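Trainee: Could you walk me through reading a fold like this one? I'd like to know where to start.

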Amino acid sequence: MATPSIQQIRPASLDSTSEPPALFDGTTRLYISYICPFAQRAWITRNFKGLQDKIELVPIDLQNRPVWYKEKVYPQNKVPSLEHNNKVIGESLDLVKYIDSNFEGPSLLPDDSEKQKFAEELIAYSDTFLREIYGNFKGDIEKHAGPQFDYLEKALDKFDDGPFFLGQFSQADIVYAPFVERFQILLKEVFNYDITSGRPKLAKWIEELNKLDSYIQTKADPKEVVDLYKKKYLA
């Protein structure tokens, strides 16, 4: 299925000196941070469904957050969040499903019940995937991260009607893509560990992701990724 190819200039991030948008005026807004992989999940979903004109992107500077974001938009003070129909909802996994279900555009779940079930399994496992890798940045990264990327390689072998987890691009790919993007950069840079070595399906999956405008438009700056993760996890 063709991806809507709508190029857009990234709006400037709002910080503590920025005025809030006209909140709850009927505009649907997706609050993100350009560096946040959780927010990237919702951003990819919006883009793939061609909702650039329906859901306004509002980037927040997480290092210098505007006070109004916590006070008036999302008390949890995290991204992503979605302002829609006079309410605000958050949590990236919930937002991927919410945007897919409540807006027009190509569906990110197939009709096939077996594929739907597998998508739920993959999405449910994502927390374990992240915990095992993030939790071991200071330990034996190959020992702990290796089995996680093996899990993805095996998952990519289940359906053979396309290069993605369910064959065609879906919610499951969106859930993992932002993190695999960062881990590929970081593990190579810091540990000289190539996540695609011996994993041809994972390599192909990454290659195919990078053909999708809806994903490419959301990618983080590699240097910023390395600097941030070194500061946060390797200090």
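Trainee: What percentage of the 235 residues in the protein is buried?

Mentor: Keep in mind that we're looking at a predicted model. Buried here means under 20% relative accessible area. By that cut-off, buried residues make up 50% of the protein.

Trainee: And what about the surface that is exposed?

Mentor: The protein exposes about 11300 Å², and 49% of that comes from carbon and sulfur atoms. For charge, count the side chains: there are 30 positive and 36 negative ones. The centres of those two sets lie 4 Å apart.

Trainee: How do I read the radius of gyration, and what does the protein have?

Mentor: Set it against what a compact globule of that length would give. With 235 residues, such a globule would come out near 18 Å; the protein has 18 Å, so the two agree. If you prefer box dimensions, the C-alpha trace spans about 50 × 45 × 30 Å along its principal axes.

Trainee: How many helices and strands does the protein have?

Mentor: There are 9 helices and 4 strands. Their order along the sequence is β-α-β-α-β-β-α-α-α-α-α-α-α.

Trainee: Which residues does the "GST N-terminal" domain annotation cover?

Mentor: The unreviewed UniProt entry places it at residues 26-107. In the model, that span is 37% helix and 20% strand, and its end C-alpha atoms lie 24 Å apart.

Trainee: Last one: what share of the contacts links residues 24 or more positions apart?

Mentor: Look at contacts with a separation of 6 or more: residues 24 or more positions apart account for 72% of them.

Methods:
Residues numbered from 1 in each chain as written. Predicted model: local features only at pLDDT ≥ 70, side-chain atom pairs only at ≥ 80, totals over all residues. Heavy atoms only, no water. Helix = DSSP H or I, 4+ residues; strand = E, 2+ residues; numbered from the N terminus. Rg over C-alpha atoms; globule rule 2.2 N^0.38 Å. Buried < 20%, exposed > 50% of the residue type's maximum accessible area, 1.4 Å probe, protein only. Contact = heavy atoms within 4.5 Å. Areas by Shrake-Rupley, 256 points an atom, 1.4 Å probe, with all protein chains shown as cover. Lys, Arg positive; Asp, Glu negative; His and termini not counted. Charge placed at Lys NZ, Arg CZ, Asp CG, Glu CD. UniProt positions renumbered as here; feature names shortened; annotations may be inferred.
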